[in-house]
Amino acid sequence: MPFFKVIFLCFLSILSQSTFALGAGEVLPPDQAFKVSAKALAADRIEISWDIAEGYYLYRNKMRFESKTGQIRLGEPVFPAGETHHDENFGDVVIYRNTLNVPVTLSVENGASSLQLLVQYQGCADRGICYPPQKTTFDLKLPAPAATADPVKQLLKGTQSLKLNLFEDELLPPDQAFEFFASVKDDHTLHVNWNIAEGYYLYREKVQLELVNADGVTLGTYDIPRGIPKQDEAFGQVETFHNELGFDLPISRSTQSAQTVTLQAKYQGCADRGVCYPPMSKKIDLALPVAQQLASAPEQLSEQDQIVQSLHKDSFAVTLLSFFGFGLLLSLTPCIFPMIPILSGIIVGHGHRITTGRAFLLSLSYVVASALTYTVFGILAALFGGNLQSAFQQPWIIGLFSGIFVALSLSMFGFYHLELPKSLQVKLHNSSEIHRDGSLLGAAIMGSLSSLIVGPCVAAPLAGALIFIGQTGDAVLGGSALFALGLGMGVPLLLLGASAGKLLPKAGNWLNSTKAVFGVIMLAVAVWMLSRILPGNVIMLLWAMLLIFPAVYLSAVDPLPENSSGWRKLWKGLGLTMLAYGLLLLIGFSLGNSNPLKPLQGLGVNTTQAAEPGIVFERVASAALEARINQAAANHQAVMVDFYADWCISCKEMEAYTFADPRVKQALKGYVLLQVDVTNNTDDDKALLAKYNLIGPPTILFFGVDRQEKTVNRVIGYQDAETFIKSLQRVQS
């Protein structure tokens, strides 16, 4: 069946080629979309390269290389890390964009000096048009192999190696050990390349490039490929390159005229036998052609892309410190707040026996388990795709976890002595105590579950770390950053644990009252979690009950004795307030309202006097998003796309506060407002998130009238109204 699908796809692709001239003339022919070339690097090594046009990509698993020369066999090609792409026909595949270089080793027999190479490949355009498999044949002339050393000379060379390399004249001159080349790739790109002799290596950290005598021309941000990790006696932990190093350099030009610039390269390397060269410098003059267009400003990066770049460049210690700081900032967002009553309930459940040290250890166990779970599931999500936390937002899981909190709260009220069957009492008691027994393991279990179910938030630092892991596969660095992020987010919880032993009342009636308060808080957490899966009016009814029932216990409906204390009057006043608001919620529920913050909305207001509605998004399915963006572009309208989910805490915060602000409504006039609901996390939802390299909601994308996303202006994570308005101003500038 898969083979039939491939044949059918190829047949459709061939038919699509015949329609280029009729309705899709802008689609490039295959030889322009994928410019392929091949060259011989040495007598035993070749390289096949592609220059891939913008908006096109190649499949890795569709590439085949074959030697048509009998005396030459091809080794295994070395493919660089690509981009994971979900294809409707081939499933999850690896693709390449922009440029691709694939080195291949050769096994040459009988002194063959030329190679006939067959290259087969297949690719597609982003718009959904795929090309049939392409075949190209190259005739390559191989360089002459290095002269084979005489056996006697080899013996002498081996003897010399026993003399601790005292014969320094055997070392190659620097220019031969590290041959540096630079060329002009196009009017805005240079290319640099080092050919590194066998037995020598170059330090990644020592490569520095700059332009001299280049008026109006500056180097843009460039990425040096990752090297091989090495523990160096002189420089510590470094990365090195053997055989070859090459990459592109973007340049920014202030004038369009042709000119000559000088590129200066500084680098340093060593021989494998332990002899290192002093730092080297070389200058090369390059003639730039006439620029077709000028870049108005250096390319900017979005916040998460800047974080990805810092992961590539910063040291390990600086990276961990930075992500710990990110975690501290995220601890002030709504994501961490629900964990505070959960941990408080665990500590309070320990009763008057709790000490400051024990409370801190419980908090530490909770935080470390939460950070470890965040790290493990984050790494898995980045390596294999998909936001695994969303899998834990299934209704039955939310309901089960809410039931645990209800059981916890009932145990704090001490209601298990009611007339219930003894067997049921035991089960309820055991279920409520299993994670509240004061043990470090119980706290760790609750911390692990909380990180997955209670607070599945996505913010720029988290997205940056996951993107980095997905691109590089470096789970150690990315996972360490995620762990530091989780620890930073848990700092408020650690402070809570350090102080709980001093703040909790001693044994007595106060302790029972405190436990009852946290029992109500546990019920509030349960209702808050159920709001993800139950209708809004039902949740409003539950909030009303949660306010009215405790108000009764606070003597809201009982008369106060004549000589009541000030504290007794305070609790009655609080109870009356809760009772009054609970009754308002009941009235709002009967009116059909669903917002607990506005229970009487619409009461006594006719249609013409109704309050100004909030932002109304147009819900679009994942598969229909691109078509809707194209439709808006045809009408010369910019587009804002909001990725939303019912289980996303920050999404609802944005909806209730940021999007309800009149200034935000005014700033968004003229935009087509689209919303993609990824609550169910379907295959289409996962494919759309992967297409835009997103981890999950809340995420907001902006598209111009040219249909192109303004990636630098992405909004990831919660933003209040003030911050969001500033983000909109940057989009419009």
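**Notebook: salt bridges, strands and a helix crossing**

I searched the whole structure for salt bridges and found 14; the model I am working from is a predicted one.

I looked up D248 and K185, whose side chains meet in a salt bridge at 2.8 Å from N to O. I noted that this pair links distant parts of the chain, since D248 lies in strand β19 (residues 244-253) and K185 in strand β12, 63 residues apart. I then checked exposure: D248 is partly exposed with a relative accessible area of 26%, and K185 is likewise partly exposed, with 38%.

I turned to R619 and D677, where the salt bridge has an N to O distance of 3.1 Å. Here too distant parts of the chain are linked, with R619 in strand β23 (residues 618-619) and D677 in strand β25 (residues 671-677), 58 residues apart. R619 counts as partly exposed at 47% relative accessibility, and D677 is partly exposed with a relative accessible area of 26%.

I looked next at a salt bridge between helices, in which the closest N and O atoms of E722 and R663 are 2.6 Å apart. E722 sits in helix α23 (residues 721-732) and R663 in helix α21 (residues 662-667), with their positions 59 residues apart in the chain. I also recorded that salt bridges with shared partners join E83, R97 and D126 into one network.

I went back to β12 and traced its sheet, which is open and has four strands in the order β12-β13-β19-β16, paired antiparallel. Because β12 (178-186) and β16 (217-219) stand at the edges with a single partner strand each, one side of each is left without a neighbour in the sheet. Neighbouring strands of this sheet are turned against each other by 25° on average, direction ignored. I followed the pairing of β12 with strand β13 (residues 189-196) over eight bridges, and found F178 opposite I196 in β13.

I examined strand β8 (residues 99-108) separately: seven bridges join it to strand β2 (residues 45-52), antiparallel, and I48 has V102 in β8 as its bridge partner. Strand β5 (residues 72-74) also pairs with β8 in the antiparallel sense, over three bridges, and there L74 is partnered by L106.

I finished with helix α7 (residues 316-330) and helix α14 (residues 475-489), whose axes come within 7 Å and cross at roughly 35°, in a right-handed crossing. Among the residues that meet are F316, F323 and L330 in α7 and L477, A484 and M489 in α14. I noted that the residues of this contact divide into 13 nonpolar, four polar and no charged.

Methods. Residues are numbered from 1 along each chain as its sequence is written. This is a predicted model: local features need pLDDT of at least 70, side-chain atom pairs count only at pLDDT 80 or more; totals for chains, interfaces and linings use all residues. Side-chain values use heavy atoms; hydrogens and water are left out. Two strands pair if DSSP finds at least two bridges between them. Helices (H or I, at least four residues) and strands (E, at least two) are DSSP runs, numbered from the N terminus. Axes are lines fitted to C-alpha atoms, for helices over the stretch in contact, and angles run from 0 to 180 degrees between N-to-C directions. A crossing is left-handed if the near helix is turned anticlockwise from the far one by less than a right angle, and right-handed if clockwise. Contact means heavy atoms within 4.5 Å. Ala, Val, Leu, Ile, Met, Phe, Trp, Tyr, Cys and Pro count as nonpolar, Asp, Glu, Lys and Arg as charged, and the others, Gly among them, as polar. A salt bridge is a side-chain nitrogen of Lys or Arg within 4 Å of a carboxyl oxygen of Asp or Glu. Buried means under 20% relative accessible area, exposed over 50%, partly exposed in between (1.4 Å probe, protein chains only).
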